[in-house]
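Here are a few exercises to work through with the model open beside you. Try each one before reading its solution.

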Amino acid sequence: MVEQTLHSLSQFLPETTLTITFCISILAGLILRNKPKVIPVISFAGILLATVFAVRQMGSSQAVFSGMIVVDPFAVFFKLLVGSTAVIIFLFSIYSQEVQSTLKRLVEYSSLLVAMTLGMFLMAGAVNLLMMVLAIELTSLSSYILAGYTKEAPDSSEASLKYIIYGALSTGLMLYGISILFGLTGATDVYAINRSLAATSVNSVALLIAVLLIIAGFGYKISAVPFHFWTPDVYEGAPITITAFLSVASKAAGFAMLIRFFKISFIDFNLLAAHAGGVWGLLQGFEWNKILAILSVLTMTLGNLVAVWQNNLKRLLAYSSIAHAGYMLMGVVVLNDKGLAAVLVYFMVYLFMNLGAFYVVMLVANKVGSEDIDSYKGLGYRSPFISVAMVVFFISLAGLPPTAGFIGKLFLFAALLDARWVWLAVVGALNSVVSLYYYVRVVRNMFLRDPEGSTEPIRFSFPQMAILLLLLVPTLLFGLFYSPIVELANASVLMFGVR
Amino acid sequence: MLTEFGNVLVFLIIGAIFVAGGMIASWILRPHRPYPEKLASYECGEEPVGDAWVKFNIRFYVVALIFLIFDVEVVFLFPWALVYRQLGLFAFLEMAVFLVILLIGFAYVWVKGDLDWDKPKPEIPKIERRPSAMRASVKPQVESVTV
Amino acid sequence: MNFLGIGTLSWITFLPILGMIAVLLLPKENRNAIRWTALAITFLQLVAAAFIFFNFNRGLAGINTVEGMQFVEKVSWINIKGVPWFGKIYVEYFLGVDGLSVPMVLLTALISFVAVIASWNIEKAFKGYMVMLLLLDTGMMGVFVSLDFFLFYVFWEVMLLPMYFLIGIWGGPRREYAAIKFFLYTLLGSVLMLLAIIALYFSVTIPDPTTGEKIYTFNMLAMMNPANFEPGSLLAGTSTYWRYLAYIALFIGFAIKVPVFPFHTWLPDAHVEAPTAISVILAGVLLKMGTYGLLRIGYPMFPDAANHYSWALAVLAFINIVYGALCAMAQKDFKKLIAYSSVSHMGVVLLGMSAMNTQGMLGAVFQMFNHGTITAMLFLIVGVIYDRAHTRDLDAFGGLAITMPKYTGIMTVAFFAALGLPGLSGFISEAFSFLGAFQTHRYITIASTLGIVLTAAYMLWTLQRVFLGQPNEKWAGLPDINGRELAALVPLAIITLWLGVYPSTMLDIMTTSVNHLVEFVKQGGAAVAMLPK
């Protein structure tokens, strides 16, 4: 027992680091009350260290803490994704007016970011439904507070409140689904659920209801339609840094859990052995992927169509991130590892382009004082470099070559067509045409319209540009030389206990 | 045959019948002599003053929440105490870690002043506007830079 | 044929990128340096294109064989060693030209050069304009020289953004609408094309060059060989539902670029709103990409579908020819008239292609080149008059022949070339197209000849309204065409005359390839013996 726990702890290094960082951040905040700027440095270092530890976990595959959590390439991939996002968010925070103007609460800001990262690390590795709920809650509770971080602004408080209410509801639904599933299978461990489903047949209606309820929980985390209602308000109200973090890391962690739950719970291991790498056989003939296909179509179509009408850029990006969740769901629908690899590729690409877009929004909001699309008029002439960067991020989000976004879409569509989901691929392709329209609306304001009011150039400091380049260069480079991200994705689809 | 959950259902139904049966029986058998005092909140004689739906001071909630959190966490000490002998030093260290984390939380609450009942100086939050909120009222603050 | 260790085709494709970087480094006040850099770069490109033209071996067919391709460059670009279930991803940087692409390469270089001259005096954000123009140039050239489908698609899409900006920033009053319409239409086409590309990718395997295992490929030439299609894959077999569907998806992608009715509605807007030089590029090069794509990709990869739908293509061609001409006739705006005349003339290309025989196809490819030069002249001519009068209303002019004699002279050449007067290049190619199509689709071709009459009608009518008749007092002081404008127009006029008199200069380049393509498509993609010279 003790040895087991000690061994588990040794495989738990990234999470332990984060926990300790969290505690130190709070303690340091209490002690160094007059130097709040030290705390983010501590938190930043902790997250960086945790990410490095996560890198060192690459290639290992085992279950720890009596099968509550696994350390496998799939989990490590998402830990890296979340960790790097958190690192980048800390860099953003240096220049965020919202964060820097509330120095008194900087301790809470940085320590809660660590807590949220910890929650997402756990989400990436959780294989027990209870562990999953706990991890979701840790992430959610931190993000509720962070969403309302600028509490002086009414929309920020509103965002936080809405987030809590929707979060509570969906967690409740999910727990209900889990209890039904537990009733059906007698287990909360996904491997045990799989064994039980393989051994005995269960009432298919009850199973369907349970899965639908659990999807409500996951769908809320990845903001899939119809569980997306919180997204636009929270994204608009929360500080931009938090919005950016939620839009990438929270979604990634949600996807990690969704994919793991569905793949391991319902995969037919006997069939899988017969043709490795092929289409997964499904236990009980339960075609959950069809549910996800419908969800995916709804999500991307609604996200894109509604985004067309938005005038606030943060809100527009919120709907665009809903649409992107829809694209990524397409990769889960195909029931094979190629689809999963496509989702992972998409996430890597999405990290750079989406964070980049939010970063530009933040920089511009700092100077211009608004996130309205109208305030971007003539920006291309006032600040050419960041406008060009924004164009690159946007065409990448729309999925045009030679940007990385195209590679993401390419692999998704490739996985779909390979599995003969032609209609879904066509829907996805048409959706990306719609998405171009609203991205280009912003581009139009930046370059095709003349500046309103001030026409003086807006300058940004060198470090600000350096952070922008950190996101811009990969967005372009991975569009032309995508071997590294694809190879990493291929190596990362392996889950503990599957093949 | 009934499943496990079927048994529970039967149990629930019988329970409901028992409760309902008791109430119905007493309603039929008891004498009806209503007078106003029977409707009072506290029949022992305490006169209620005002409405029960009043605003409580927010400090009650803070204290209640803090109490709830620490109370629940301390419950973990009981099972730990049971297995302490089997696990020995390891259990001691584990609980020490747990308590340290708890203590950090406690220190945080303390330093932030959430345990003080009477706040000497009520702090009125300054309105610091964020970019998106200041559209209407404040003129955009543009940092102009000389070319 | 390397220069500094880099092949000719890479040079010709990426020279504009070098120029773009150079222009970016120049200060934006120094307009002269910017314009001369751009001109020098496009001139070098033209020299490289001429080099290719003169060193091109006219006896090699190309189309579906690497051996037949010339100036080939083949480098491994993306090589992802597969985990077993994923398969290996191998994308090559694969360039090469044959008789189909050489005329297009020459045309692109020529039109880009002319476009830089035509944009000599752009007022607004000159530096940005030239950067976009040069980027566009690379995209266009890349499309015509790539033989790898992935590379092709990247170049194809790279063009979109510069074009959007060029129309949207430097265009006319309705530029925003025109630009986004162009962008959305083209993207719609290209995503459908992308799906077709992926479907092809998963259907075609070739042996790995090093290990010999079967790998999927984006190699266009491999996709043309029916033997490479994996049995049981989506697009295997002939004349299947999926193959037709993929062909239609590809076709829509290309048809939007051509543009084929009913996907043509972006064209009048884009052409009219774009600045002169960009209209020249749009009409001169971009429209050809649609037909080039069909010939390079649609036909040889889906010969079954191409044969099956040749009648449909003929019908669409007929609609394009007649409808385009009728629309042109109804226009009061000079530029819109030229824009619709492009729809009509591209119809002739489609008609020639639908013929599925040598005459028709040869006519189509030749018409692609000729229309590129002629329509470029027409748009330049409109640009000249618009620069001076600031109006394009046909009815506002009259008797310009007196005030601007030189201008009228060069314009007459262009108009007559456009309406297909013998002795000018347009005649040869139109005649070939109709001749070929007549053998295959008799009645449609007869009906389409109506278009020639209509073309003559609107061209001559325009000539009459603008240049003949009573001189309008208002325009009495208009200066005649100047040296810079002549520099752009005269080379094009000379080419038009030369090819009208001695078309073999260009036909020699194409014949072998076109013959091979026709034979290849006719036999449904079965291996065809290389035709002797």
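A nonpolar core here is a set of buried Ala, Val, Leu, Ile, Met, Phe, Trp, Tyr and Cys residues joined through C-beta atoms within 7 Å. Buried means that 20 or more other C-beta atoms lie within 10 Å of a residue's own, exposed means 12 or fewer, and partly exposed is in between, with C-beta atoms placed from the backbone. This is a predicted model, so local features need pLDDT of at least 70 and side-chain atom pairs count only at pLDDT 80 or more, while totals for chains, interfaces and linings use all residues. Residues are numbered from 1 along each chain as its sequence is written, and chains are lettered from A and ligands numbered from 1 in the order in which they are written.

**Exercise 1. Find the largest nonpolar core and its best-connected residues.**

Step 1: the largest core holds 427 residues.
Step 2: Val345(A), Val105(C), Leu195(C) and Val280(C) have the most contacts inside this core.
Step 3: helix α16(A) gives the core its largest share, 25 residues. Helices (H or I, at least four residues) and strands (E, at least two) are DSSP runs, numbered from the N terminus.
Step 4: zoom in on Val105(C). Skipping neighbours within four places in sequence, Val105(C) touches Ile12(C), Ala49(C), Ile52(C), Val97(C), Met141(C), Phe144(C) and Val145(C). Contact means C-beta atoms, placed from the backbone, within 7 Å.

**Exercise 2. Work out whether the radius of gyration of chain A agrees with a compact globule.**

Step 1: the rule is 2.2 Å times the number of residues to the power 0.38, with the radius taken over C-alpha atoms.
Step 2: for 499 residues that puts a compact globule near 23 Å, and chain A agrees, because its value is 22 Å.
Step 3: along the principal axes, the C-alpha atoms of chain A fill a box of roughly 70 × 55 × 40 Å.
Step 4: 64% of the residues in chain A are buried.

**Exercise 3. Describe the side of chain A that touches chain C.**

Step 1: count it up: 31 residues come from chain A and 32 from chain C.
Step 2: α16 (337-368), α19 (404-418), α20 (422-448) and α22 (483-492) of chain A each supply at least two residues to that side.
Step 3: α20(A) brings the largest share, eleven residues.
Step 4: sort by class, and chain A's side has 21 nonpolar, four polar and six charged residues. Ala, Val, Leu, Ile, Met, Phe, Trp, Tyr, Cys and Pro count as nonpolar, Asp, Glu, Lys and Arg as charged, and the others, Gly among them, as polar.

Note on methods
Two residues are in contact if their C-beta atoms, placed from the backbone, lie within 7 Å.
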